[in-house]
Each structure stands twice: as C-alpha cells, then as structure tokens.
Amino acid sequence: MVRPLRIEFSGALYHVTSRGDRKEDIYQDDADRKIYLGVLGEVCKRFNWVLHAYCLMDNHYHLLVETPDGNLAKGMRHLNGVYTQRFNARHKRVGHVFQGRYKAILVQKEAYLLELARYIVLNPVRARKVRSAKDWPWSSYRATAGLGKGPMWLQSKWILSAFSRRKGEAIKRYRAFVSEGKNQPSPWEQLKNQIYLGSESFVEKMQRQLDSEQDLSEVPSAQRRPVAKPLEYFSRKYRDRDTAIVQAYASGGYSMKEIGAHFGLHYSRISRIIRAADKT
C-alpha cells in the first residue's frame with residue numbers, strides 16, 4: 001500500500017490524528033488517558049515540540065503540534081510506541097493499539113491554527129459526549145480558557161495572543177470564539193491534495209520542501225500532483241458550467257466548497273453535479 005507523503009522541516013505545523021486498531025478504544029479508563037498525556041509530555045520535552053492544542057477521544061486523538069526541529073516522525077514513533085508498551089503492560093495484553101500509521105495534515109499557521117485549535121476541542125461536543133467544551137477534561141480547552149491548570153508542555157500563548165495582549169481579555173474572547181464554532185463548517189472542506197491545509201502559495205511552498213532525491217513512486221499521485229490552475233481557468237475553458245465544475249474538482253486542487261463559492265452554488269449542489277458526472 002502506498003504510504004502518505006511526509007514533509008518535515010523546522011517550524012512545520014501539523015494536525016495529527018491516530019486511531020485505534022480495528023477502530024477499538026485506545027483508552028480503557030482515565031488512568032490510560034493520564035498515561036498517554038504523560039508520554040505526550042515526554043515527547044514534547046525530548047523532541048522540542050510546541051503543542052498548541054489536543055483532545056483525547058475514545059478510539060482516537062487529535063494534536064496540533066509545531067516542530068521547531070523538523071522531527072514529527074521521530075516524535076510520533078516515540079509517542080505511539082511507548083504508549084502502546086505501557087498500555088499493553090498495564091492491561092496484560094500484546095499486539096497493536098493503533099491502526100496503521102498516524103495521519104498528519106500540514107497546516108498554514110497564520111491562516112488555520114486558530115480554526116483547527118477550535119475544531120479539536122469541539123470534538124467531544126460534535127460527538128455529543130458533552131454539551132460544552134469545558135465539560136470535557138481530556139482536551140486543552142480548560143487550560144487555554146483559564147478554567148484549570150494545564151500541563152507545563154501545553155503552549156497556549158500563541159492562541160491567546162491572537163485575541164488580545166491582555167490575558168483576561170484574550171481568555172474571554174477565546175471562550176466566545178470556541179462557543180461560536182459549534183455550527184461552523186469543517187476546516188477539512190478546505191483540504192488540498194489530501195495533506196495540505198492552506199493557500200495555493202502555501203501548497204506550492206510546501207511542495208518545494210520535498211527532497212529532490214525522494215522516490216516519488218512511494219508518494220500517492222493525489223499528493224504529488226502540481227497545484228491546480230485557478231478556478232477562472234476552468235470557467236473560461238469549458239463553456240458548459242457543469243463540465244467546468246467537474247474538471248475543476250478532478251484537478252484535485254479544490255474542495256467542493258471552494259468550487260461552489262466560485263460558481264455561486266452551495267457545495268451540496270456541487271456534490272450532485274460531480275456524482276451525476278461519475279455515473280455517465
């Protein structure tokens with residue numbers, strides 16, 4: 001099976017998720033969650049990670065992590081590997097805890113860090129486990145919102161500084177920002193080439209980070225394809241609107257929401273047009 005592309009460099013920001021093997025729970029109780037957070041703290045210290053946000057669910061977790069030393073893969077091997085060892089030792093079992101490789105999305109910090117930080121801490125609310133982010137003790141929300149003492153390795157200063165220079169006002173605005181995010185569309189509608197969350201110029205810059213020696217046969221075609229032409233190009237080239245929409249989506253460079261915004265249609269309508277084309 002072709003493995004997903006990994007781009008690592010100093011200062012890269014990622015949204016990382018990892019799920020349980022066969023979709024099973026990766027934490028059996030709160031003691032497991034505390035063990036996981038302990039290992040995560042070790043990783044942040046040992047690998048110099050900057051962790052902006054996190055959330056532990058039942059069968060997966062979310063991290064928003066910045067790597068000043070460009071070492072995501074090394075840190076993730078330690079995180080999932082050591083936690084698996086401790087989990088298995090505690091429960092007297094053997095085998096995998098996590099399902100395959102973790103998933104890492106490369107994120108444009110200035111444009112998406114706040115949105116992803118909000119998305120992450122609202123996971124328990126969307127899953128209907130709690131009514132409010134403050135009611136879930138296994139995320140970074142309470143610490144960032146000033147409702148409790150967080151771990152030393154959690155770096156919430158960048159998030160709060162985006163709202164105000166005064167901590168009290170920043171916390172107030174952060175709480176409101178998260179509360180307002182419950183009905184916001186998923187940031188993944190903006191995902192490009194499966195692994196990038198950012199502008200076209202950001203994607204181009206990230207692709208230039210690739211090692212020229214890398215064996216591209218190991219990289220999925222959707223991830224190594226060049227950045228798509230502007231949406232206006234498809235409007236001009238194809239006189240039929242639906243054809244232009246189908247071709248724009250086939251380029252792999254745009255989400256249905258982005259295409260819908262360009263053509264003045266809701267993304268659900270874009271989805272129907274694309275499905276209809278697939279059936280012809």
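This is a conversation between a reader and an author about how to read a predicted model of a protein.

Reader: Hello! Where should I begin, and how many helices and strands are there in the protein?

Author: Welcome! A count of the elements is a friendly way in. This predicted model has 13 helices and 5 strands. Of its 280 residues, 48% are buried. The accessible surface is about 15100 Å², and carbon and sulfur atoms account for 48% of that surface.

Reader: In what order do the strands form the sheet?

Author: To read a sheet, follow the strands from one edge to the other. Here the 5 strands run in the order S2-S3-S1-S4-S5, giving an open sheet with mixed pairing. Strand S2 (50-56) and strand S5 (196-197) each have a single partner strand, so they stand at the edges with one side left without a neighbour in the sheet. A helix joins the picture too: helix H1 (residues 30-46) packs on the sheet and touches S2 and strand S3 (60-67). The direction of H1 makes about 165° with that of S2.

Reader: Which strands pair in the antiparallel sense, and over how many bridges?

Author: Take the pairs one at a time. Strand S1 (residues 12-19) and S3 pair in the antiparallel sense over 8 bridges. To find one place in this pairing, look for Leu 13, which stands opposite Glu 66 in S3. On the other pairing of S3, S2 joins it in the antiparallel sense over 6 bridges, and there Cys 55 has His 62 as its bridge partner. You can also trace the chain from S2 to S3, because the two are joined by a hairpin through 3 residues.

Reader: And which strands pair in the parallel sense?

Author: Look at strand S4 (residues 103-107) and S5, which pair that way over 2 bridges. Within this pair, Val 107 has Leu 197 of S5 as its bridge partner.

Reader: How many residues of S3 are buried?

Author: When reading burial along a strand, check the residues pointing each way. In S3, His 60, His 62, Leu 64 and Glu 66 point one way, while Tyr 61, Leu 63, Val 65 and Thr 67 point the other way, and all are buried. With 8 of its 8 residues buried, S3 is therefore largely enclosed by the rest of the structure.

Reader: How many aromatic pairs does the structure hold, and how do I read one?

Author: There are 13 aromatic pairs. For any one of them, look at the distance between ring centres and the angle between planes. Tyr 61 and Phe 98 have ring centres 5.9 Å apart and planes at 85°, so this pair is edge-to-face; the cut-off for that label is an angle over 60 degrees. The pair links distant parts of the chain, since Tyr 61 belongs to strand S3 and Phe 98 to the loop between helix H2 (72-91) and S4, 37 residues apart. Both Tyr 61 and Phe 98 are buried. They also belong to one aromatic cluster, together with Tyr 27, Tyr 36, Tyr 83 and Phe 87.

Reader: Which rings have an arginine over them?

Author: Here are two cases to find on screen. Arg 118 lies over the face of Phe 177, 3.9 Å from the ring centre. The charged end of Arg 126 sits over the ring of Tyr 119, at 4.0 Å from its centre.

Reader: Now the loops. Is Ala 145 buried or exposed?

Author: Ala 145 has a relative accessible area of 0%, so it counts as buried. Its place is in the loop between helix H5 (141-144) and helix H6 (157-161). Beyond its neighbours within four places in sequence, Ala 145 is in contact with Ile 171, Tyr 174 and Arg 175. As for Ser 156, it is 11 residues from Ala 145 in sequence and 9.3 Å from it in space, C-alpha to C-alpha.

Reader: What is the phi of Arg 22, and what is that of Arg 128?

Author: For backbone angles, the sign is a good thing to check. Arg 22 has a phi near 55°, which is positive in a residue other than glycine. Arg 128 is not a glycine either, and its phi is also positive, at about 60°. Arg 22 is found in the loop between S1 and H1 and is exposed, with a relative accessible area of 59%. Arg 128 is found in the loop between helix H4 (123-126) and H5, and its relative accessibility of 77% makes it exposed.

Definitions and conventions
Residues numbered from 1 in each chain as written. Predicted model: local features only at pLDDT ≥ 70, side-chain atom pairs only at ≥ 80, totals over all residues. Heavy atoms only, no water. Pairing = 2+ DSSP bridges. Helix = DSSP H or I, 4+ residues; strand = E, 2+ residues; numbered from the N terminus. Contact = heavy atoms within 4.5 Å. Axes fitted to C-alpha atoms, helices over the stretch in contact; angles between N-to-C directions. Phe/Tyr/Trp six-rings, centres within 6.5 Å; stacked < 30°, edge-to-face > 60°. Buried < 20%, exposed > 50% of the residue type's maximum accessible area, 1.4 Å probe, protein only. Lys NZ or Arg CZ within 6 Å of the ring centre and 35° of its normal. Areas by Shrake-Rupley, 256 points an atom, 1.4 Å probe, with all protein chains shown as cover.
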